[in-house]
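I wanted to know how the two chains are built and how they meet. These are my notes, in the order in which I looked things up.

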There are 2 protein chains.
Amino acid sequence: MSKMLPKVLAFDVFGTVVDWHGSIANEVTRLGLPVDSNAFATAWRDGYKPAMARVRSGELGWTKIDDLHRLILDEVLDKFKIDSMSEAQKQDLNFIWHRLQPWADSVQGLTRLKQKFTIVTLSNGNLSLLANMAKSAGLPWDLILSAEVFHHYKPDPETYLGVAATFDVMPQEVMLVAAHKDDLQSAHQLGLQTAFIERPKEFGPTHLRNDLYKEEWIDYHSSDFNALADILAC
Amino acid sequence: MSKMLPKVLAFDVFGTVVDWHGSIANEVTRLGLPVDSNAFATAWRDGYKPAMARVRSGELGWTKIDDLHRLILDEVLDKFKIDSMSEAQKQDLNFIWHRLQPWADSVQGLTRLKQKFTIVTLSNGNLSLLANMAKSAGLPWDLILSAEVFHHYKPDPETYLGVAATFDVMPQEVMLVAAHKDDLQSAHQLGLQTAFIERPKEFGPTHLRNDLYKEEWIDYHSSDFNALADILAC
């Protein structure tokens, strides 16, 4: 690897740092909702990209993810025919996204990477969501950056290039770390370095991901954050 | 004190959390510049509010504090007749603002307050400055918020109200913690709670502040962050 090392590592969060599927399925089970908890988690997440697309296209004005999650939740509760929840209970369930659990390696791996690099989030999640998550999960970010800061959702270029502008560095001095190849592809096309993290159970234990193979254009490919810290000699 | 407790504590940073005067004076001494280090620090800071006023009035487009600090530094170097510094040396000196030292109570006090409240910055410093400072000084922010996020400098209302909007809370659920009464006054007028912190040596050891008396309209008055944590039962 003859490339220079990046200065800033920007992390995708949902799926890459935290286990949204498992956290939501566990919450649904804990609440005793009469549904398949894995199907419920999947349905909620399935509404995510279409909801953001409505903001990206201009159909909706700027809307933070908390509010998009709530719009989707109301549709999912309707789909699963759950009409027993109070408004307060719905609000609390919606905030499960603020309490998502990290993958087993996340805190240790980030703590190692932080010794050598500036580590930041680059997430479509809103600032309060990411701050509450960092506090409850113990994620040691140097800076929380969000689509909310740039008023653009990934994969709009303003987000990836916004990280570089925030730190007054060139795009190639930033590396996006993500479990999603489409996110990495967008960053790569703008000149950022890229690291893929395998998260085979992102969509739950019964739907293992089958797209974890290496790609020639991705700079680093790691099983988890500790393996990335090993490669980067942290 | 019959008021409800706030949920979010928003901290002014320069002077309130970190000792800009002492840090700059020490750096000037370390570099061996042939000037009165206290006068140099004072002159640099004196350019701060006029520079921001040019942005607030619209005379300058949005300009981050790093760039304003550099504009002022060039004027100060000229005023003090220092023409021996290379461009790299000037850039490094400008970044002393990223390496300001915290007051002796800051890290411990913030760590205590963080147990009970969401603690965030509300500073005119740019995001990278505040992130680098937090990393070098060990400041345990839950979230770094900056004028850079709102594209408005304090005391524009968008900054104080922006904290409340970020966390979806009412202005009175946010408390500004600052060593400056004008900053607190602006927050107070918008409905935020206020806490004044005495920082007698903010302007250096030879110019002790004489405006540290209590004000009827300020909700809490503390000698330092540990004293504030005591009052707030953290």
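**Strand pairing first.** Before counting anything, I fixed the term: two strands pair if DSSP finds at least two bridges between them. I also kept in mind that this is a predicted model.

With that cut-off I went to chain B, where strand 1 (residues 8-11) and strand 2 (residues 118-123) run parallel and are joined by 4 bridges. I picked out one pair there: B:Val8 has B:Thr118 in strand 2 as its bridge partner.

**The sheet in chain B.** Then I asked myself in what order the strands form the sheet. I found an open sheet of 6 strands, in the order 3-2-1-4-5-6, with parallel pairing. Strand 3 (143-146) and strand 6 (220-222) of chain B are the edges, each pairing on one side only. From one strand to the next, the twist averages 25°.

I also checked what helix 7 (residues 127-137) of chain B does, and this helix packs on the sheet, touching strand 2 and strand 3. Its direction makes about 145° with that of strand 3 of chain B.

**Strand 2 in chain A.** Next I moved to chain A and followed strand 2. Strand 1 (residues 8-11) of chain A is joined to strand 2 by 4 bridges, and the two run parallel. In this pairing, A:Ala10 stands opposite A:Val120. Strand 2 also pairs with strand 3 of chain A, again over 4 bridges and in the parallel sense. Here I noted A:Ser123 opposite A:Ser146 of strand 3.

Is strand 2 of chain A enclosed or not, and why? I got 6 of its 6 residues as buried, so the strand is largely enclosed by the rest of the structure. I sorted the side chains by direction: A:Thr118, A:Val120 and A:Leu122 point one way, A:Ile119, A:Thr121 and A:Ser123 the other way, and all are buried. As a reminder to myself, side chains in a regular strand alternate between the two faces of the sheet.

**Chain A as a whole.** I stepped back for the overall numbers. Chain A has 11 helices and 6 strands, and 44% of its 234 residues count as buried. Its C-alpha atoms fill a box of roughly 60 × 35 × 30 Å along the principal axes. For 234 residues, a compact globule would have a radius of gyration near 17 Å, and the 18 Å of chain A agrees with that. I also looked at contacts with a separation of 6 or more: 64% of those in chain A come from residues 24 or more positions apart.

**Where the chains meet.** How many residues of each chain are in contact with the other chain? I found 12 residues of chain A against 12 of chain B. On the chain A side, helix 7 (127-137) and strand 3 (143-146) are the elements that give two or more residues. Helix 7 of chain A gives the most, with 4 residues. By class, I got 6 nonpolar, 3 polar and 3 charged residues on that side.

**Symmetry.** Last, I laid chain A on chain B: a turn of 180° and a shift of 0.0 Å along the axis give an RMSD of 0.0 Å. That is the relation of a two-fold axis. In chain A, A:Val149 has the C-alpha nearest the axis, 2.9 Å from it. I also compared the two sides of the interface: 100% of the interface residues of chain A are interface residues in chain B too, so the copies meet through the same surface.

How values were computed:
Residues numbered from 1 in each chain as written. Chains lettered and ligands numbered in written order. Predicted model: local features only at pLDDT ≥ 70, side-chain atom pairs only at ≥ 80, totals over all residues. Contact = placed C-beta atoms within 7 Å. Nonpolar A, V, L, I, M, F, W, Y, C, P; charged D, E, K, R; others polar. Rg over C-alpha atoms; globule rule 2.2 N^0.38 Å. Buried ≥ 20, exposed ≤ 12 C-beta atoms within 10 Å, placed from the backbone. Least-squares fit on C-alpha atoms with pLDDT ≥ 70 in both. Axes fitted to C-alpha atoms, helices over the stretch in contact; angles between N-to-C directions.
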